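Open the model in your viewer and keep the selection panel at hand. The tour below goes stop by stop.

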8 protein chains.
Amino acid sequence: TGVTLDLDRRRRCGFPEVIYGEGKDARTIASIIERLLASEVRVLTTRVTRTIADELLQIFPGAHYNASARTFRVTIKPDEADRGYVPVVTAGTTDLPIAEEARETLDWMQVRTQIVADVGVAGPQRLIAKLPLLAGADAVVCAAGMEAALPSVLGGYVDCPVIAVPTSVGYGASFGGVTALLGMLNSCASNVTVVNIDAGFKAGYVAGLIATRAHDARRSQ
Amino acid sequence: TGVTLDLDRRRRCGFPEVIYGEGKDARTIASIIERLLASEVRVLTTRVTRTIADELLQIFPGAHYNASARTFRVTIKPDEADRGYVPVVTAGTTDLPIAEEARETLDWMQVRTQIVADVGVAGPQRLIAKLPLLAGADAVVCAAGMEAALPSVLGGYVDCPVIAVPTSVGYGASFGGVTALLGMLNSCASNVTVVNIDAGFKAGYVAGLIATRAHDARRSQ
Amino acid sequence: TGVTLDLDRRRRCGFPEVIYGEGKDARTIASIIERLLASEVRVLTTRVTRTIADELLQIFPGAHYNASARTFRVTIKPDEADRGYVPVVTAGTTDLPIAEEARETLDWMQVRTQIVADVGVAGPQRLIAKLPLLAGADAVVCAAGMEAALPSVLGGYVDCPVIAVPTSVGYGASFGGVTALLGMLNSCASNVTVVNIDAGFKAGYVAGLIATRAHDARRSQ
Amino acid sequence: TGVTLDLDRRRRCGFPEVIYGEGKDARTIASIIERLLASEVRVLTTRVTRTIADELLQIFPGAHYNASARTFRVTIKPDEADRGYVPVVTAGTTDLPIAEEARETLDWMQVRTQIVADVGVAGPQRLIAKLPLLAGADAVVCAAGMEAALPSVLGGYVDCPVIAVPTSVGYGASFGGVTALLGMLNSCASNVTVVNIDAGFKAGYVAGLIATRAHDARRSQ
Amino acid sequence: TGVTLDLDRRRRCGFPEVIYGEGKDARTIASIIERLLASEVRVLTTRVTRTIADELLQIFPGAHYNASARTFRVTIKPDEADRGYVPVVTAGTTDLPIAEEARETLDWMQVRTQIVADVGVAGPQRLIAKLPLLAGADAVVCAAGMEAALPSVLGGYVDCPVIAVPTSVGYGASFGGVTALLGMLNSCASNVTVVNIDAGFKAGYVAGLIATRAHDARRSQ
Amino acid sequence: TGVTLDLDRRRRCGFPEVIYGEGKDARTIASIIERLLASEVRVLTTRVTRTIADELLQIFPGAHYNASARTFRVTIKPDEADRGYVPVVTAGTTDLPIAEEARETLDWMQVRTQIVADVGVAGPQRLIAKLPLLAGADAVVCAAGMEAALPSVLGGYVDCPVIAVPTSVGYGASFGGVTALLGMLNSCASNVTVVNIDAGFKAGYVAGLIATRAHDARRSQ
Amino acid sequence: TGVTLDLDRRRRCGFPEVIYGEGKDARTIASIIERLLASEVRVLTTRVTRTIADELLQIFPGAHYNASARTFRVTIKPDEADRGYVPVVTAGTTDLPIAEEARETLDWMQVRTQIVADVGVAGPQRLIAKLPLLAGADAVVCAAGMEAALPSVLGGYVDCPVIAVPTSVGYGASFGGVTALLGMLNSCASNVTVVNIDAGFKAGYVAGLIATRAHDARRSQ
Amino acid sequence: TGVTLDLDRRRRCGFPEVIYGEGKDARTIASIIERLLASEVRVLTTRVTRTIADELLQIFPGAHYNASARTFRVTIKPDEADRGYVPVVTAGTTDLPIAEEARETLDWMQVRTQIVADVGVAGPQRLIAKLPLLAGADAVVCAAGMEAALPSVLGGYVDCPVIAVPTSVGYGASFGGVTALLGMLNSCASNVTVVNIDAGFKAGYVAGLIATRAHDARRSQ
Ligand SMILES: Nc1ncnc2c1ncn2[C@@H]1O[C@H](COP(=O)(O)O)[C@@H](O)[C@H]1O
Ligand SMILES: Nc1ncnc2c1ncn2[C@@H]1O[C@H](COP(=O)(O)O)[C@@H](O)[C@H]1O
Ligand SMILES: Nc1ncnc2c1ncn2[C@@H]1O[C@H](COP(=O)(O)O)[C@@H](O)[C@H]1O
Ligand SMILES: Nc1ncnc2c1ncn2[C@@H]1O[C@H](COP(=O)(O)O)[C@@H](O)[C@H]1O
Ligand SMILES: [Mg+2]
Ligand SMILES: [Mg+2]
Ligand SMILES: [Mg+2]
Ligand SMILES: [Mg+2]
Ligand SMILES: [Mg+2]
Ligand SMILES: [Mg+2]
Ligand SMILES: [Mg+2]
Ligand SMILES: [Mg+2]
């Protein structure tokens, strides 16, 4: 069927393979989900359209679809979100879908998270007012489009890594997120690292990896 | 000699033609300066190398060469810098040459100015500490390289236009100022407008035009 | 709801936050409008589609929707357009929607304005015939697509800043406005400054800022 | 020796092969010149550095080297420049080397020519004053860098083809002539066609082809 | 109505203004056509969709719409196609719409023309077989997409200018015609000059200008 | 009809002309197929939509349409796939349509082939497990999107040429296959060569050419 | 002097400001170092040329200059490299200078580190042989140029974040590291995050931040 | 020393590792050569400057340095160039260094080869005259810069793969070989495949792989 699963991934990398839903039909996704469930892992599928999700929900009625994030999750064990803490900060309201994808990924990794939305730099007092929400973070995900100045400013206020995810929000010379991507790569804040445009999953995953490992270190005392 | 001067420029545009020194030899520049002086205007030449400047200083001993800005000025009347106020703000230390070009242009336009250097956003308290220096500005010039987040933050603190000038400072994906340029064009602050990369002259000129006109309005009471 | 308003903006920057309508549903926009009206400011929303506008007009029957500009305005006080003068010049007929966005912004700022359309450079006598309409301008907005030669020519005729806005008009190597943007950034006229592609709002805003400040200076006599 | 001459070119295309000097040493160029002279054609070599030219002048003492154009010509018959008329117009002083390359090419083709320099659009009266020099042109070559607005304006004044050649003059977002190239390709004037950046030779050649053919038509009466 | 006609164009440039149909509604186009007809010129409109054309044909029943070229012509005098000769050559079948736009433009200019289609270089005998059709040409229009090798080969067989028009035909790294455009600009044939991507009108216009002027020269004997 | 067939292609190049279906209607394609069949060659058409295919199947009922590959084949002789061996390897499931186009091309050339799907490098054991399927290959086609690391890894395991075809699979900074293309061009494996983005046909064709020639060499013993 | 130090950085971000040496003269750097030493922090300067370093070593004889990394370090306390573990892996020999910059940064952060060089993917057994050196890593820095396939392969073998740093190594379409950057951003491995081209400092800093925090968590038991 | 040799390469891939000389000093190269010689393979080093080569020739007096190709070869067995035939064709004289690199690689692989230089398409009779030299080729390497039309024309004349290598020859919009690269990728000839800009080594290697395998097939009869 054109699919070769990597069922050994969790052993090598700590978390199982995540299904990239783009361009896959419901039948293909369902069969992958079943094989993953059979190996007893929590299942996350990204880039799932509403139509595909409706078909999948017929097959997996207990699953969770997030229409904004376009993620589809099937989990065999209840969620316990206590494996570290990663806030997800956005510059504008329109960055929310990407932030949601990051949040769903963190939920799936059982990392505590919350979204701090619309604190872009042109109203600087907004971020300062919300800094207490960032206390104790193991890493911060920061989603921004347009000129993406937020990660640089944010990076100057925190002592943990900032995983910056450029969003395709904007018009004209924002070039579908390229300007935001370039801005983030050139951030003058030393603690900012970058993932692909609109890659909410990857930002969440890397941040979650940092958090779960720090959490394990704390617990292993 | 390949030069066609626009001696009518001051009448139409308020200020005389400025000499673009790039690629012109000392003899050509000197002859243009002389023709401009003959029509009794203050003379500004930009992009003048140290070598060319030394030759010109032989001919115009009273002239002023700014090696960092690479500008050469010959003025028939003393400078009275009271035609409005335009601070020039920079994100980093390395943006100074561009800031100097803007400052020389403002001096030539007889606008009051000062440089506020190295207040980039990764250390946010630095800009806040210097905000008093921006009080009463008719316009602000803001020079920044790398991700150029500063104009967006600055724009959120002032009620006048911010003329943003991207600098070619940075490495890797800064692409000689292109990243800074794109960031500034996509600024989420409404009062930010942009000139070409390293165009300290143009940033200074537009800001100076706003200042001198506001000054004239104030005086015409 | 993913929205963090910057209600302090008018105090710091002279004008309140403008709502960026792109990607927001009618309910979100309506709730923001209500909160802004509650703080007694004039409300401008940009990038509003006809469908969203129809929903909003149910809620705000006295509001003004400009379908060409895609702007939606709700103003508590009557418009008095006397805070300076900013003509909006276009190179072609197809640049009109962007010019309209600039004009609506200037109306909202209570600046006097008018559109001077279709005076592109290939018929040079057209601009010359309309130069009287530019007399007394505090700033000029100039919208052009394709090769965008107009701001350079216009800049040579006026003594105030020209805020150039590249439009995405054109085909082939016009690259959705990139060619116009680059041309404007490289303008040989010293008084030309640039905003993002299709950024009629920003061009109008910066020009309006110059005009209102000059107007206040004139009045403060 | 790695060279395969196309000695049949004059028969097929009207003019013999021109030697592209870039990257060729003096010995290689000299041997090509000799073979071309042997077939009794006028010889033009482009992109010849001063050093190479000095070596060549030892071998061909009667030849003509133009250091600004970087062209080297050896002609067996005297020049009679009467095969039509092509003026070469430049926007700025720094476009002169490219204009010179075009002029040398036209000389080699025996077309009457002259350079009209530094009539860029920011001082519009300069071009108008020189329009009489364009009367009777079979084609016009127009060299411009930066935003390259000149061909569009020029195109609106003449009734013959304008061969626009973008120059690599400028800085920042002029990208070594790319901005000028794009501007010219998108010219709103219908009679503007374009050659490669800094391709003075090609602009001159195409214009010369138009002129010599029109001249032959006129004479064949 | 946002339209400023250039009714003086024919006097200055030899041919009247052509209407750029893109983005204009039928009413606007019809009113421009009427004003142009009133000044007794032949009318050409480009980029007209089938829908707009149907509306226009109600108003101008004798007009001619070419659906492939998307051109709409209204001519007061009968067509006499004898003002010189310009063949239009294409590399592939899919370049035909652009070739048609060039042909319609040449018809409107009363230049004799014909299309020589699908003679791309991978089957070299095809072009050679059709060379007789190029005999006597005043200029050749050459439309090609993908790697656009045809103008270079064609240029080596003819002694008149080749006006190359890149088409947006191709996929992958053809980038909507950019590869073809760059290839043509870098053509090793000296007689190749270039217009914008898909600019069949411009290619036809410049070629037609060369042809009509040569024709007039021949006739003026 | 705008079509000039190259019926001599098989003699010169070993295989007849393949029909590029993009932008051609069913009638045009059918008439070309008929002329090709008349010269007794196996017919392959690429880039055929489902709608066009349905029309063609009415005319050529025995033909074979592959909806994923978008290829349409009409063969006069039965397929004997024994002219060498070319496996087609893909990095992900979504690369399958391009792999299918390559496979159809190889079928048409009568080369033995099979698809080895979804063995991307993040699960390295997958490729190693499938290496036996590559034994005896004359060449390997490798389709990959996103960062396209697979050809480099694959190249290190085989002793025959790897024809890499970048796919437009991915999002954000994958730029419709440009990132994959660039990665493949810069492959550190010496045996990797590259075709255009999504050019499954070309990858299959070049690989098939290598295989059939090796096969002929083997048989010619 | 154009420098505004951020002496509060260590309190907010965990580590003091690092001096960006590019474009600063020895005197400026020395004075910053002195002010930083006065506030009792370990000092790291990046992008220091050999010439500048020699001047600085006169002033700070006990300092450490790494000519390959171009870093200059002055530390008041002895180095104890026990704050976690970060291996630095390179694809080729030529990536070493960037790896060295990362290593120096990790030394300065007192993180244990070692370089694993030249294990690019075209010889896959090389990386596998060195996997034991990655055991126990808190994060891995991976430097690669050309097609930069290594981070994707590496990411599939480890369970911690991979901080990928593209290097400007390569030629042709590697575009000074842009191809490597794009490849890394599109990595199919979920645990790969990216910094700017040649940004060895930043890669080391983010990895070091992860390591020191994990180390502190382990110790805080 | 930062080098991890892949001594198993010949077993897996048919030919041993080639040393990439760029950025390596003579000592490093010499030590790699010695280790390779110890494993009894023929040694090829690419991108070796004259200076480095002189040092190496002290150590390996019997070695062969090609200054144009910048290759350095040390072979333990005499060259027998009979493993198939690969002609190397160039469009212009300036493409020779890249052609030489391909030729040296083929020599090292013991493949018979010869250079057919300067047969670019603007003089089409030149290639036709040399077609006999291509008879019996197993593959053809084709090096071309500027618009790179040659591979498409060449591809139409031969029945074997054409390995096209774009060269960085040209000026203006040739962008250091990018235009040639794009043209080749979009070649309308089905048998053209492409390697990186200036990658003479890779073009020679892939062509040599095809030739040696065909040769082995012929011999294994
Ligand atoms: N640094 C600069 N950047 C952009 N434009 C400049 C600069 N300096 C002078 N100019 C403009 O260049 C024009 C003179 O150019 P030129 O005729 O080449 O000397 C004047 O109209 C100035 O407004
Ligand atoms: N400056 C130039 N720009 C573009 N093409 C040129 C130039 N000079 C000569 N040529 C062309 O280059 C070809 C000769 O190239 P080559 O064989 O390398 O000497 C001739 O066909 C000329 O038409
Ligand atoms: N190699 C480097 N790459 C990126 N950022 C750096 C580098 N070295 C130092 N920095 C940052 O640059 C800032 C200092 O810049 P400056 O004020 O110009 O000295 C510090 O905040 C550092 O975090
Ligand atoms: N000119 C070249 N272009 C591309 N790859 C090359 C070249 N020369 C050698 N190589 C490859 O580079 C690898 C060696 O790189 P390195 O480990 O940096 O010496 C070998 O596997 C060769 O296949
Ligand atoms: Mg907001
Ligand atoms: Mg600083
Ligand atoms: Mg008009
Ligand atoms: Mg001038
Ligand atoms: Mg065809
Ligand atoms: Mg998979
Ligand atoms: Mg190596
Ligand atoms: Mg030649």
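A polar contact here is a pair of N or O atoms within 3.5 Å. Keep that cut-off in mind for the ligand stops. Everything on show is a predicted model.

**Stop 1: ligand 2**

Select ligand 2. Which chains does ligand 2 lie between? Chains D, E and H. Now show the residues around the ligand. There are 13 of them, and R9(D), K24(D), T46(D), S190(E) and Y171(H) come nearest.

Go through the polar contacts in turn. Start with K24(D): a polar atom of its side chain is 2.7 Å from an oxygen atom of ligand 2. Move to T46(D). Its side chain places a polar atom 2.8 Å from a nitrogen atom of ligand 2. Then cross to chain E, where an N or O atom in the side chain of S190(E) sits 2.6 Å from an oxygen atom of the ligand. On its own, ligand 2 has 510 Å² of accessible area, and the protein covers 90% of it.

Colour the shell by residue class. Around ligand 2 you should find five nonpolar, two polar and six charged residues.

**Stop 2: ligand 4**

Select ligand 4 next. This ligand lies between chains F, G and H. Again there are 13 residues around it; S190(F), Y171(G), R9(H), K24(H) and T46(H) come nearest.

How far is the side chain of D118(G), by an N or O atom, from an oxygen atom of ligand 4? The distance is 3.4 Å. Turn to chain H. R9(H) has a polar side-chain atom 2.8 Å from an oxygen atom of the ligand. T46(H) reaches a nitrogen atom of ligand 4, with a side-chain N or O atom 2.7 Å away. Taken alone, ligand 4 exposes 500 Å², and 90% of that is buried by the protein.

Apply the class colouring here too. The shell around ligand 4 has five nonpolar, two polar and six charged residues.

**Stop 3: the magnesium ions**

Select ligand 8, a magnesium ion. Which residue supplies its protein donors? D118(D) does, through OD atoms 2.3 to 2.7 Å from the ion. Trace the backbone around D118(D): the residue lies in the loop between strand 6 (112–116) and helix 5 (125–130) of chain D.

Go on to ligand 9, also a magnesium ion. Here D118(E) coordinates through OD atoms, at 2.2 to 2.6 Å. In chain E, D118(E) is in the loop that runs between strand 6 (112–116) and helix 5 (125–130).

Finish with the magnesium ion labelled ligand 10. Its protein donors are OD atoms of D118(F), lying 2.2 to 2.6 Å from the ion. Look for D118(F) in chain F, in the loop between strand 6 (112–116) and helix 5 (125–130).

**Stop 4: chain F and its surroundings**

Show chains A and F together. The contact takes 21 residues from chain A and 17 residues from chain F. About 1,300 Å² is buried between the two chains, and carbon and sulfur atoms give 55% of that area. Highlight G2(A), T4(A) and Y20(A). These lose the most area to chain F within chain A, together 37% of what that side buries.

Now add chain C. Chains C and F do not touch, and their nearest C-alpha atoms are 15 Å apart. Swap chain C for chain D. No contact joins chain D and chain F either; the closest C-alpha atoms of this pair lie 21 Å apart.

Definitions and conventions: Residues numbered from 1 in each chain as written. Chains lettered and ligands numbered in written order. Predicted model: local features only at pLDDT ≥ 70, side-chain atom pairs only at ≥ 80, totals over all residues. Heavy atoms only, no water. Donors = N, O, S within 2.8 Å, 3.2 Å for Na, K, Ca; no water. Helix = DSSP H or I, 4+ residues; strand = E, 2+ residues; numbered from the N terminus. Near = heavy atom within 4 Å. Polar contact = N/O pair within 3.5 Å; in protein donor to acceptor, adjacent residues only side chain to side chain. Areas by Shrake-Rupley, 256 points an atom, 1.4 Å probe, with all protein chains shown as cover. Nonpolar A, V, L, I, M, F, W, Y, C, P; charged D, E, K, R; others polar. Contact = heavy atoms within 4.5 Å. Buried area = accessible area lost by both parts, 1.4 Å probe.
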